[in-house]
Amino acid sequence: MSTVKVYVGMSGGVDSSLTAALLVEQGYDVTGVYMKNWTQDLPGMKCPWADDLADAKRVAVQLGIDFKVFDFQNGYKQKVVDYMIDEYKNGRTPNPDIMCNQEVKFKLFLDAALEDGADMIATGHYAQVQDGVLKRAIDDNKDQTYFLYRITHEALQKTLFPLGAMTKPEVRAEAEKRNLFTASKKESMGICFVGSVGIREFLGQYITTEPGEIIDTQTKKSVGQHDGAIFFTLGQRHGLNVGGGLPYYVVGKDMDKNEVYVTRDLNDKELWRKQVELSSLHWIDQKPADGQKLQVRMRHRASLIDAKLKGSTLILGEPQRAIAAGQSAVLYDGQVVLGGGII
RNA sequence: UGGGGUGUGGCCAAGUGGUAAGGCAUCGGUUUUUGGUGCCGACAUUCGGGGGUUCGAAUCCCUCCACCCCAG
């Protein structure tokens, strides 16, 4: 039988570098692909993508595999960046990385790879896949399934996650053992295209904002002014610039009035939810039964908590803090990722 | 220009003779793919101004200034 052709998404980090190395060792016909996503080139700001591309290429050369660059700038801008900006405009708090996986990595990239002759794709995600079923990674600490719940069953059938059974320290060690150029590269964080600018400044470039009142819900009085309600999300503490006494936390906002509501009460009802409505439900394999006992993760790296889904209402076993509209609830049945929805 | 009160870093606030707590905010770092949270660190040579007493004062005295309350 002929060898399976796998296209590996290489970001220039350790994880995807080792992913490619492992696949080569396992006998696959590997091609490295750097996805050129949309970035914002600001004067005076150094964009790391060029370095990442160079790193990815360097590793590919090291491994002796083919290397390509796929340009997804337009798709990425439309599906991820614009989505994010729109959500913020509507007063919500989106998760662009989930959208990036759904729309770019496991759609655009997958399609482009297949078109280019690949049989499968692979990425350095910490997750496991088995017969099109997504499962949590062995390394609980690194599990990235939260970001992957909106991938389709079909896409997963053509996907490999070679790192799913490894822990991060093992990955580092194996990368070092192979002298991969990226072995000790620092972990990347934050929204890639926003870079070091910060979400505030980024949004500020696409949306004109006006100052508005910050209102204490306990006293109903204004305690200060903000520079745009769009910049604040549920549970947020910093950036209000209001001093004195105890800290204030955002408990809500009114985009039309451009008002941000805050409280000093850590137990404020708005801050703790035990029930949330989900929309845009997505199931990888099949929908769980109504009322079935499940586990849910309300944010990346949060622990799994018991929950039940009735219709589109998610009932949590214990109250969760600062569950903002636009964020995702990802449902699990043990190790299996069922899918989830947007709050 | 009658009586009372207050004035400590951007904000709140300890400290009443012994050489400026703490909190909030802010800034930086960190939590190893979102927002946010949390955590760690930095942050007043100076206590409304000016004199004086004292070995030594934010703390005592004098005086000026500012603000608040009550009265009229």
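How many aromatic pairs does the structure hold? In this predicted model, the count comes to seven aromatic pairs. Take Y146 and F147: their ring centres lie 5.6 Å apart with the planes at 85 degrees, and since planes over 60 degrees apart count as edge-to-face, that is what this pair is. Both partners are tucked away, with Y146 buried and F147 buried too. Elsewhere, Y7, F70, F72 and F109 come together as one aromatic cluster.

One member of that cluster, F70, also leads to the sheet, as F70 belongs to strand β3 and has M35 standing opposite. The sheet itself is open and built from five strands, which run in the order β3-β2-β1-β4-β7 with parallel pairing. At its edges are β3 (66-71) and β7 (159-160), each of which pairs on one side only. For β3, the partner is β2 (residues 29-36), and six parallel bridges link these two strands. Then there is helix α1 (residues 14-25), which packs on the sheet and touches β1 (5-9), β2, β4 (120-122) and β7. The directions of α1 and β1 make an angle of about 165 degrees.

Aromatic rings turn up with charged partners as well. R58 lies over the face of F181, 3.8 Å from the ring centre. Over at W38, the ring has the charged end of K77 sitting above it, at 5.7 Å from the centre.

Technical notes:
Residues are numbered from 1 along each chain as its sequence is written. Chains are lettered from A and ligands numbered from 1 in the order in which they are written. This is a predicted model: local features need pLDDT of at least 70, side-chain atom pairs count only at pLDDT 80 or more; totals for chains, interfaces and linings use all residues. Side-chain values use heavy atoms; hydrogens and water are left out. Two strands pair if DSSP finds at least two bridges between them. Helices (H or I, at least four residues) and strands (E, at least two) are DSSP runs, numbered from the N terminus. Contact means heavy atoms within 4.5 Å. Axes are lines fitted to C-alpha atoms, for helices over the stretch in contact, and angles run from 0 to 180 degrees between N-to-C directions. Rings of Phe, Tyr and Trp (its six-membered ring) pair if their centres lie within 6.5 Å; planes under 30 degrees apart count as stacked, over 60 as edge-to-face and the rest as tilted. Buried means under 20% relative accessible area, exposed over 50%, partly exposed in between (1.4 Å probe, protein chains only). A charge sits over a ring if NZ of Lys or CZ of Arg is within 6 Å of the ring centre and within 35 degrees of the ring normal.
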